[in-house]
Amino acid sequence: MLKRTELDASPRRVVVTGMGLISPLGNDLEASWNNLLAGKSGGGKVTHFEATEDFPSRIGCEVKNFDPLDYLDKRDVRRHDRVSQFALAAATEAVTSSGLDTGSAEINAERCGVIFGSGIGGIATFEEQHKRMLDKGPSRVSPFFIPMFIPDIAAGVISIRWGLRGPNYSTVSACASSAHAIGNAMRHIRYGDADVMVAGGSEATITPMTYAGFSAMKALSTRNDDPEGASRPFSTDRDGFVMGEGAGALVLEALEHAEARGAEIFAEVAGYGISGDAFHITAPPPDGYGAQQAMRMSLKHMGVEPAEVDYINAHGTSTMADAIETKAIKAVLGKHAYEIVVNSTKSMTGHLLGAAGALEAIASIQVLRTGCIPPTINFQGSDPECDLEYAHGGMIERNVELALSNSFGFGGHNVCLAIRRWN
């Protein structure tokens, strides 16, 4: 039985042994990664609802050709919002790639848990059921409305699917949700609460209310005539983010637990920095001090110097915040910031909101494993405040030993995950 009977005096190392991805670029990790390297855009016209001219933004990065029946039977498909369907799909790939579902090793279910984040949850179900109530009365609302809508349900259904009875909850911190999930899962393992955690996030927010709300904030790109080129992180003419959807899942495991069962190790999650801006409900402070604090904390936890960072997967949303994130990176790394690559995979995937941190952590791990850094596409001109190497010219091949993955959310939530290459 693989179980922990004593707590070590020192924190345990935490490694990644499984990954799964559903994204606008592919319905598994391999397809998504190949399209990231190729610089392919996932943008297009919105098809999930009738995006009339009343909507200032009518473009998005939708998941294509997704069939929930690959993961659920017909009855359960009707009982799960798209956000949970994505979560189960990504978790299935992650658990399969980890080898935990083969039965080759006995796993103590009480020491295996799930933390899965979502910024908004089952908003499509909310909109549908609210309309049903207005049109037909409260008695016609589905008895599954609440469990389909609440953001924490993805963590619940994943734990039920594999019988994982350890720590189980959701993180809700806007666009930092799944990064918080990964970091918290790492800490649960590091300090002895669990041996294995499935962590990540899911989002399915290409809906009328979501578009109306973000459009009212003027947060979305309105380049409706160029959906593939609308997400332009760090470009001088960026005009807002492009909505994305999907899910990312990672299996995190105590190093000795992974080694005992002979698991393949993809990378080590070695640092977790978190902070709050305490500044504004949606805007970051001009100097990005909250982002700085998160990055510095992640490096401090690792015991490394800023000069050891090789690559940063930036939050990079294609908004005014890109310049502030650049300023924060330079404040933390100093002159070394000009020697590394900083990219934004959101230029291709759009912004997955609560699932963005998981997707980008997985992309960072793939960079560490392959030495290939995806480009930041759709560059149209230099912003003097964004003067780092953003891989605007295409994929960059470079040995990367230490990567940072940044995630920031409305409310001033900041997360930086520090991930080390596994040799």
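## A walk around the model

Asp237 has 25% relative accessibility, so it counts as partly exposed. Select it as your starting point, and keep in mind that what you have open is a predicted model.

**Stop 1: around Asp237**

Now add Arg223 to the selection. Asp237 and Arg223 form a salt bridge, and their closest N and O atoms are 3.5 Å apart. Both residues sit in the loop between helix H8 (208-216) and strand E7 (246-254), with their positions 14 residues apart, and the pair links distant parts of the chain. Is Arg223 buried or exposed? At 18% relative accessibility, Arg223 counts as buried, because the cut-off for that word is under 20%. Keep these two on screen and bring in Asp226, Arg232 and Asp239 as well. Salt bridges with shared partners join Arg223, Asp226, Arg232, Asp237 and Asp239 into one network.

**Stop 2: a pair from far along the chain**

How many salt bridges does a search of the whole structure find? The count is 20. For another of these pairs, select Asp195 and Arg12, whose side chains meet in a salt bridge at 3.1 Å, N to O. Asp195 is in the loop between helix H7 (177-190) and strand E6 (196-203), while Arg12 is in the segment before strand E1 (14-22), so this contact ties together parts that are 183 residues apart in sequence. If you switch on the surface, remember that Asp195 and Arg12 are both buried.

**Stop 3: a pair within one helix**

Next, go to helix H4 and pick out Lys131 and Asp135. Their side chains also meet in a salt bridge, here at 2.7 Å, N to O. What separates the two along the helix? They are 4 residues apart in H4 (residues 123-136), which means about one helical turn lies between them. Lys131 and Asp135 are both exposed. The general idea behind these pairs is that side chains of opposite charge can pair when their charged atoms come close.

**Stop 4: a patch of positive charge**

Time to look at some charges on the surface. Select Lys74, Arg75, Arg78 and Arg79, which form a positive surface patch. Zoom in on Arg78, which belongs to helix H2 (residues 74-78). Arg78 has 61% relative accessibility, so it counts as exposed.

**Stop 5: the cysteines**

How many disulfides does the structure hold? The answer is 0. Click on Cys61 to check one case: it is in no disulfide, and the nearest cysteine sulfur, in Cys175, is 14 Å away. Cys61 has a relative accessible area of 3%, so it is buried. Then try Cys416. Why is there no bond from its sulfur to the closest cysteine sulfur? That closest sulfur is in Cys175, 16 Å away, which is too far for a bond. Cys416 is at 0% relative accessibility and therefore counts as buried.

**Stop 6: two alanines with a positive phi**

Here you'll want to look at the backbone. In general, most residues other than glycine have a negative phi. Select Ala174, where phi is near 55 degrees, a positive value in a residue that is not glycine. Ala174 is in the loop between strand E5 (168-169) and H7. With a relative accessible area of 22%, Ala174 is partly exposed.

Then jump to Ala278, another residue that is not a glycine but has a positive phi, about 50 degrees. You'll find Ala278 in the loop between E8 and helix H10 (289-302). Is Ala278 buried or exposed? It is exposed, with a relative accessible area of 78%.

**Stop 7: try the distance tool**

Finish with two C-alpha distances. For one of them, select Ala270 in strand E8 (residues 267-276). Ala270 counts as buried, at 4% relative accessibility. Draw a line from its C-alpha to that of Gln85: these residues are 185 apart along the chain, and their C-alpha atoms are separated by 30 Å.

For the other, select Ile146 in helix H5 (residues 145-149). At 45% relative accessibility, Ile146 counts as partly exposed. Draw a line to Thr125, and you should get 9.0 Å from C-alpha to C-alpha, for residues 21 apart in sequence.

Notes. Residues are numbered from 1 along each chain as its sequence is written. This is a predicted model: local features need pLDDT of at least 70, side-chain atom pairs count only at pLDDT 80 or more; totals for chains, interfaces and linings use all residues. Side-chain values use heavy atoms; hydrogens and water are left out. Patches are made of residues with over 30% relative accessible area and no salt bridge: like charges are joined within 9 Å, nonpolar side chains (Val, Leu, Ile, Met, Phe, Trp, Tyr) within 5 Å. Accessible areas come from the Shrake-Rupley method with a 1.4 Å probe; for residues, only the protein chains shown count as cover. A salt bridge is a side-chain nitrogen of Lys or Arg within 4 Å of a carboxyl oxygen of Asp or Glu. Lys and Arg count as positive and Asp and Glu as negative; His and the chain ends are not counted. The place of a charge is taken as NZ of Lys, CZ of Arg, CG of Asp or CD of Glu. Buried means under 20% relative accessible area, exposed over 50%, partly exposed in between (1.4 Å probe, protein chains only). A disulfide is a pair of cysteine sulfur atoms within 2.5 Å.
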